[in-house]
Amino acid sequence: GIGSKESNLGYIDSCVEKSMELYLRTCKHFKYVENEKNIKDCFDRKFQVANEKKLIPGISAEHFSFSFTYDSISTYEKAHRLKNIFQTDTQIIILVRSQLELIESLFKESVRNGFFGSFKYYVELFYKYQDRNYFYDIAYSKIIKHYKDLFGADNVKVLFFEDYRDDSKLIYKFDKFPKLIYDLNSTLEI
């Protein structure tokens, strides 16, 4: 979410939280359309304050490119909602992770949540029911192309998760800060 100054977690206020967690993530189309103007107004106010204070606003949310649950709207629809709210002059940064590592991680998470099958069975189910799971969310070429089609190729940058950690899965740091922060600043030219 948009980090608050105190914790850097969560959302800056309830308007942004509701917009991000409900309207841009899960609600059905008609409910979104009913609230689209309010969502735009909410973000416009936040961006105006950021501009006055010479801050660069940023929103980070993995659920824009991934559907964690069956009740989530499609990644395709989320991208369209983002375009409707933020228009085409928005910089989109997509951080992708090795599909195999991601599937292994999600399998482990599923086991923690009660899945009893083997990894092989998990992958078989993943492939068999691809129309109702995150199969297409890790078809990165499709996701990246869709964002480029919506926002313009120059406004979409792709970074690779594996470039930011070592073999022991520790995050690379540069001058005490995560390397990712430096690369994001460079990507955004700040």
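In this short talk I will go through some of the salt bridges in this structure, which is a predicted model, and say how exposed their partners are.

Let me begin with the overall picture, where a search of the whole structure finds nine salt bridges, and I will take up some of them here, starting with one inside a helix.

The side chains of E77 and R81 form a salt bridge, with a distance of 3.1 Å from N to O, and both residues belong to helix α3, which covers residues 75–86. Within that helix E77 and R81 are four residues apart, or about one turn.

Now, are the two partners buried or exposed, taking R81 to begin with? R81 has a relative accessible area of 1% and is therefore buried, since the cut-off for buried is under 20%. E77, on the other hand, has a relative accessible area of 23%, so it counts as partly exposed.

Let me move along the chain to R97 and E101, whose side chains also meet in a salt bridge, here at 3.9 Å from N to O. That distance still qualifies because the cut-off is within 4 Å. As for accessibility, R97 is partly exposed at 22%, and E101 is partly exposed as well, at 23%.

My last example is the salt bridge between R132 and D131, in which the closest N and O atoms are 3.2 Å apart. Here R132, with a relative accessible area of 44%, is partly exposed, while D131 reaches 56% relative accessibility and so counts as exposed, because the cut-off for exposed is over 50%.

Conventions
Residues numbered from 1 in each chain as written. Predicted model: local features only at pLDDT ≥ 70, side-chain atom pairs only at ≥ 80, totals over all residues. Heavy atoms only, no water. Helix = DSSP H or I, 4+ residues; strand = E, 2+ residues; numbered from the N terminus. Buried < 20%, exposed > 50% of the residue type's maximum accessible area, 1.4 Å probe, protein only.
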